[in-house]
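Biologist: Hey, I've got this one open for the first time. Can you walk me through what's there?
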Amino acid sequence: MLDDYVRRGMPDVKDRVLDTIDEERHWRHARDEQEQAHRHAMERAAADQTAAKIVEEHAQQRRSQRNAFIIALASVPAAMASEWLGFANSFCISLLIIGIGGPSSATILARIMDKLKS
């Protein structure tokens with residue numbers, strides 16, 4: 001009787017084991033697809049973030065260049081007005097050099113003036 005029960009029960013156990021294995025395989029496959037989709041989404045997000053950063057950097061460069069151009073243009077009338085108001089020629093020339101050359105030329109000019117003082 002026990003042998004009959006085992007023989008009849010074995011095919012059922014075999015089917016359940018195979019079903020469990022199939023479910024596990026499907027679950028792993030779905031998990032792998034989900035992980036891959038997540039990786040792709042993260043890569044796309046990183047690429048979008050990089051593109052946005054590049055666009056912002058270019059916009060900042062354009063603003064900086066525009067502001068430098070405006071300062072350079074404003075330094076010419078400022079130097080002319082300074083000359084007209086009677087300031088020293090060296091002051092007017094310094095205004096032009098600093099306005100057009102920017103911070104690096106202002107630093108160089110300050111070092112030269114410091115050496116001339118001593």
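Modeller: Sure. Of the 118 residues in the protein, buried ones make up 9%. Keep in mind that this is a predicted model.

Biologist: And how much accessible surface does the protein have?
Modeller: About 10400 Å², and carbon and sulfur atoms account for 63% of that.

Biologist: OK, the fold next. How many helices and strands are there?
Modeller: The protein has 3 helices and 0 strands. Starting at the N terminus, the order of elements is α-α-α.

Biologist: Let's start with α1. Which residues form a nonpolar patch on the surface?
Modeller: V13, V17, L18 and I21 do, and together they have about 320 Å² of accessible area. One of them, L18, sits in helix α1, which covers residues 2-84.

Biologist: Why is L18 called partly exposed?
Modeller: Its relative accessible area is 44%, and partly exposed covers the range between the 20% limit for buried and the 50% limit for exposed.

Biologist: Switching to charges. How many salt bridges are there?
Modeller: The count comes to 4. As background, side chains of opposite charge can pair when their charged atoms come close.

Biologist: Which residue does E24 pair with?
Modeller: E24 forms a salt bridge with R28, and their closest N and O atoms are 2.9 Å apart. Both residues are in helix α1, 4 residues apart, or about one turn of the helix.

Biologist: Are those two buried or partly exposed?
Modeller: E24 is partly exposed at 34% relative accessibility, and R28 is partly exposed too, with a relative accessible area of 43%.

Biologist: What about E35, which side chain does that one meet?
Modeller: The side chain of R31, in a salt bridge with an N to O distance of 3.9 Å. E35 and R31 are about one helical turn from each other, because they are 4 residues apart in helix α1. E35 is partly exposed, with a relative accessible area of 39%, and R31 is partly exposed with 31%.

Biologist: And which side chain meets R63?
Modeller: That of E56, in a salt bridge at 3.2 Å, N to O. E56 counts as partly exposed at 44% relative accessibility, and R63 is partly exposed at 32%.

Biologist: On to α2. What span should it have, and how far apart are its ends?
Modeller: Helix α2 has 13 residues, 89-101, so at 1.5 Å a residue it should span 18 Å. Its end C-alpha atoms are 18 Å apart, which agrees.

Biologist: Which residues are buried in α2?
Modeller: C92, S94 and G99. Looking down the axis of α2, the buried residues fall within an arc of 160°, so they line one face of the helix.

Biologist: So what's on the face turned away from the buried side of α2?
Modeller: That face carries the exposed residues S90 and I100.

Biologist: What happens just after α2?
Modeller: G102 takes a positive phi there, about 85°.

Biologist: Last stop, α3. Where is S105, and is it buried or exposed?
Modeller: S105 is in helix α3, residues 103-117. With a relative accessible area of 14%, S105 is buried, since buried means under 20%.

Biologist: Which backbone oxygen lies 3.1 Å from a polar atom of its side chain?
Modeller: The one of I97, with the polar atom belonging to the side chain of S105.

Methods: Residues are numbered from 1 along each chain as its sequence is written. This is a predicted model: local features need pLDDT of at least 70, side-chain atom pairs count only at pLDDT 80 or more; totals for chains, interfaces and linings use all residues. Side-chain values use heavy atoms; hydrogens and water are left out. Patches are made of residues with over 30% relative accessible area and no salt bridge: like charges are joined within 9 Å, nonpolar side chains (Val, Leu, Ile, Met, Phe, Trp, Tyr) within 5 Å. Accessible areas come from the Shrake-Rupley method with a 1.4 Å probe; for residues, only the protein chains shown count as cover. Helices (H or I, at least four residues) and strands (E, at least two) are DSSP runs, numbered from the N terminus. Buried means under 20% relative accessible area, exposed over 50%, partly exposed in between (1.4 Å probe, protein chains only). The expected span of a helix is 1.5 Å times one less than its number of residues. The arc is that of the directions from the helix axis to the C-beta atoms. A polar contact is a pair of N or O atoms within 3.5 Å; within protein, one must be able to donate a hydrogen and the other to accept it, and residues adjacent in sequence count only if both atoms are side-chain atoms.
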